[in-house]
Amino acid sequence: MTRNPVTRTLPAVEDTHAFGRRLATVLRAGDLVLLTGPLGAGKTALAQGIGAGLRVQGAVTSPTFVIARVHRPASDGGVAMVHVDAYRLGDVKDPLGEIDALDLDATLEESVTVVEWGEGLVEQLTDDHLELRLTRHDDDSRTVTAVPHGQGWSGRLRGLQDLPDVD
């Protein structure tokens, strides 16, 4: 079920990071966040902001060549982030098999799982997920539309709607 998308304008890359940090305040272990949009739309920048907001260890960089990275929480009680880049899986014979081989469902309940380029590949991991659609404009600003899928996002989406626009 899809309902009540939230759209924000992000004037610069720094604002994309800031939105990710703010979004992290409504994320919790077991969440699947799907980042969609063309090359250069800001998917990795948004993932970096989410990682900063979750206060994970180490730098969050694009896992394009390793496909997935696990970022451990920086403190006890924190939440890990699994960051996946499924871009290269579009060229393999069995992309769903490759996703299964990553065994994402084994870490899903204890982590926030953020997947770039995973549309059509990872939605089956859980009934509830948040899709973030990013669009980059000619002036380098971005628009992010948060589309909740499933019942689990109904209350938390209100929290996301209450987030102020990025300055």
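**Figure 1. The whole protein, seen through burial and surface.** A residue is called buried when its relative accessible area is under 20%, exposed when that area is over 50%, and partly exposed in between, using a 1.4 Å probe and protein chains only. By that measure, 47% of the 167 residues of this protein count as buried. The structure is a predicted model, in which local features need pLDDT of at least 70, side-chain atom pairs count only at pLDDT 80 or more, and totals for chains, interfaces and linings use all residues. Residues are numbered from 1 along each chain as its sequence is written, and side-chain values use heavy atoms, with hydrogens and water left out. The protein exposes about 8200 Å², of which carbon and sulfur atoms supply 47%; such areas come from the Shrake-Rupley method with a 1.4 Å probe, and for residues only the protein chains shown count as cover.

**Figure 2. Helices and strands in order.** Helices (H or I, at least four residues) and strands (E, at least two) are DSSP runs, numbered from the N terminus. The protein has 5 helices and 7 strands. Follow the sequence and you meet them in the pattern β-α-β-α-β-β-α-α-β-β-β-α. Now look at contacts, meaning heavy atoms within 4.5 Å: among those between residues at least 6 apart in sequence, 66% join residues at least 24 apart.

**Figure 3. Strand β2 and its two partners.** Strand β2 covers residues 32-36, and because 5 of its 5 residues are buried, β2 is largely enclosed by the rest of the structure. In a regular strand, side chains alternate between the two faces of the sheet. Here L32, L34 and T36 point one way from β2, while V33 and L35 point the other way. Two strands pair if DSSP finds at least two bridges between them. Strand β2 runs parallel to β5, joined by 4 bridges, and V33 has V114 as its bridge partner in β5. Strand β2 also pairs in the parallel sense with β6 (residues 129-136), again over 4 bridges; there, the bridge partner of L34 is E131.

**Figure 4. E116, a buried charge without a salt bridge.** A salt bridge here is a side-chain nitrogen of Lys or Arg within 4 Å of a carboxyl oxygen of Asp or Glu. E116 belongs to strand β5 (residues 111-116). E116 is buried but has no salt bridge, and K43, the nearest side chain of opposite charge, is 5.4 Å away. For charge, Lys and Arg count as positive and Asp and Glu as negative, while His and the chain ends are not counted. What does the side chain of E116 make a polar contact with? One such contact, of 3.0 Å, is with the side chain of T44, and another, of 2.6 Å, is with the side chain of H83. A polar contact is a pair of N or O atoms within 3.5 Å; within protein, one must be able to donate a hydrogen and the other to accept it, and residues adjacent in sequence count only if both atoms are side-chain atoms.

**Figure 5. Two salt bridges.** Side chains of opposite charge can pair when their charged atoms come close. The count here comes to 2 salt bridges. In one, E131 joins R133, with the closest N and O atoms 3.0 Å apart. E131 is buried at 6% relative accessibility, whereas R133 is partly exposed at 40%. In the other, R136 joins D140, with the closest N and O atoms 2.5 Å apart. R136 is partly exposed at 39%, and D140 is partly exposed at 38%.
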